[in-house]
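Let's take a walk through a protein chain together. Have a look at the picture first, and then we'll go from the overall view down to some detail.

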Amino acid sequence: MSLDLVVNALKSIAKPGASWVINQAQRNETVVRTLKQFNFDPIQPPKDVDGVYVYSLIEYGVGKPEAILNLFREREIKNAFWSAYSANNPLGFYKEVGKFLQGKDSEFDIRLLRIELRSELEEFGETFIKVAKTTKSKDFEPFPEWDLDEYPAEFKSLIREKIRSFCGRKFVFETFKQFTEKHRNGYFTVVGDAGMGKSTIAAKYVWDNKSPCYFNIRSDGRNRPELFLESIRKQLIKRYQLQNVEKANLADLLEQVSKKIPAGEHIVIVVDALDEVEQEAGGNLLDLPPSLPERVYFLLTRRPYTRDKKRLSAPDVAMEELDLRGSKYINLSREDIKEYIRFFLNLDRDYKNAIKQWIQDGNISDNEFVEQVATKSENNFMYLRYILPGIAKGDYKDLNLKQLPDGLQDYYQVHWVGMGMDEKPQELKVLILFILVEIGTPIPCEMIADITEQDEYDVQSVLDEWVEYLKPQDIEGELCYSIYHASFLDFLKAKRVLDAKRKLFQEVNQRIADYLVRKMA
């Protein structure tokens, strides 16, 4: 089957001007329709290599930009992929693609569109392996581990999402570089309010430098010292082929690593969101060592803290902080914010057309839009992360620039109203939200219904109504819900209507405790 015909069909689906803000069901429907167009069985793929390649390209390629589709149609790329697959050498495929693109127009197109090539090559490989397994053909065994990255799989999707529209922040990376050049080891901390891009800075550094990393995520329960140590230990063992350190603490691991670092190089371990760590009092957060070997550095991020919450003491180690709220960084941050808005306006393939239409309908210029939205954002990237897609999706079609929410707190207040929390009667909503806030980790609908002593259908109806404000997760086959971001959780905790001291919630807290006791029995 001609790859050209398939690629042309995929390109026609994602024709210029089309918006790919679609849900998974719509995408699946398009994939099935395209497979049938080329006489493939959507349930049972073919068993030959060429057939599986084309089949995989369709599953992967729906909604992808033309530049990346053109890459996979090339015979050299197809052959390089199969060679890398057969040799279980995914990084070899990445290198071969880099050589193929060098100096070609397609390389320019990929860079212009800010396509993360490594992510796309990994996604295609994972799709191919999934399809190959479905064939049940021995020709595709053994199945390789298609991993183009050195950071943990548990953070891969987070990192990809964070860097997808990354802009600016050069001053942060340059300051950190100067820190590593000036000091033989040390802790460098980026401090900033919620939404100022700390996690994105961490993700970008990890992506560019393949650094060992850990992202503390309170809502997922990934914020305990033992989980951090386990993850970092695995990464360091894999990276440096360490022996007999399966139970070593972090200080001992770093001593072993320091002996393996090549001359002229150093290691940076990235740890995001120290403020979300849950740990008993005493000692450094995450048990970070009070002393470090030479050429070992930590790049940390956290929200502003009081002295008693710092919990990082290392008298003999260089320590430096970069506070994104600082006056000398305000203008630099605003320029980064404007660059981010321009990216959505001119380059983001999902949202740019709809945002441009909104601007045209409002009879305003692109520059006016950039300047006013930047001012509204109060230098907060998270605000833009939700407002700009919201504009594209039509959430603010009846508003003008002046009516857009001001800053993150105002944005969350719009959330609050959107959840129906200012309406009456609302006791069930208040109870459900209180439980989500109090527990703070993903929980199923059944548990909420049990605690509130309400019909599960009624509880599910509220959760469905709040779909854009919650983070649904499949945990061991059970759909669980949590508040989608820690800063929104903090916003909710500050709401007087959710005050745990209220008489309404005293019994609810007892029900939560009783439920947990029953589950543990």
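**From the whole chain to one sheet**

Of the 521 residues in the chain, 50% are buried; here that means under 20% relative accessible area. Keep in mind that you're looking at a predicted model.

How does the chain fill space? Its C-alpha atoms fit a box of roughly 70 × 60 × 60 Å along the principal axes. The radius of gyration is 25 Å, which agrees with the value near 24 Å that a compact globule with 521 residues would have. Now think about who touches whom: among contacts with a separation of 6 or more, 72% link residues 24 or more positions apart. On the outside, the chain exposes about 26000 Å², and carbon and sulfur atoms supply 47% of that.

Next, the building blocks. The chain's secondary structure comes to 24 helices and eight strands. Five strands make up an open sheet with parallel pairing, and reading across it you get β2-β3-β4-β1-β5. Which strands stand at the edges? They are β2 (213-215) and β5 (318-323), and each has a single partner strand, so one side of each has no neighbour in the sheet. As you step from one strand to the next, the twist averages 15°.

Let's zoom in on the β2 edge. Its link to strand β3 (residues 267-272) consists of three bridges, and the two run parallel. If you'd like a spot to find on screen, try Cys213: its bridge partner in β3 is Val270.

Terms used
Residues are numbered from 1 along each chain as its sequence is written. This is a predicted model: local features need pLDDT of at least 70, side-chain atom pairs count only at pLDDT 80 or more; totals for chains, interfaces and linings use all residues. Side-chain values use heavy atoms; hydrogens and water are left out. Two strands pair if DSSP finds at least two bridges between them. Helices (H or I, at least four residues) and strands (E, at least two) are DSSP runs, numbered from the N terminus. Axes are lines fitted to C-alpha atoms, for helices over the stretch in contact, and angles run from 0 to 180 degrees between N-to-C directions. The radius of gyration is taken over C-alpha atoms; the globule rule is 2.2 Å times the number of residues to the power 0.38. Buried means under 20% relative accessible area, exposed over 50%, partly exposed in between (1.4 Å probe, protein chains only). Contact means heavy atoms within 4.5 Å. Accessible areas come from the Shrake-Rupley method with a 1.4 Å probe; for residues, only the protein chains shown count as cover.
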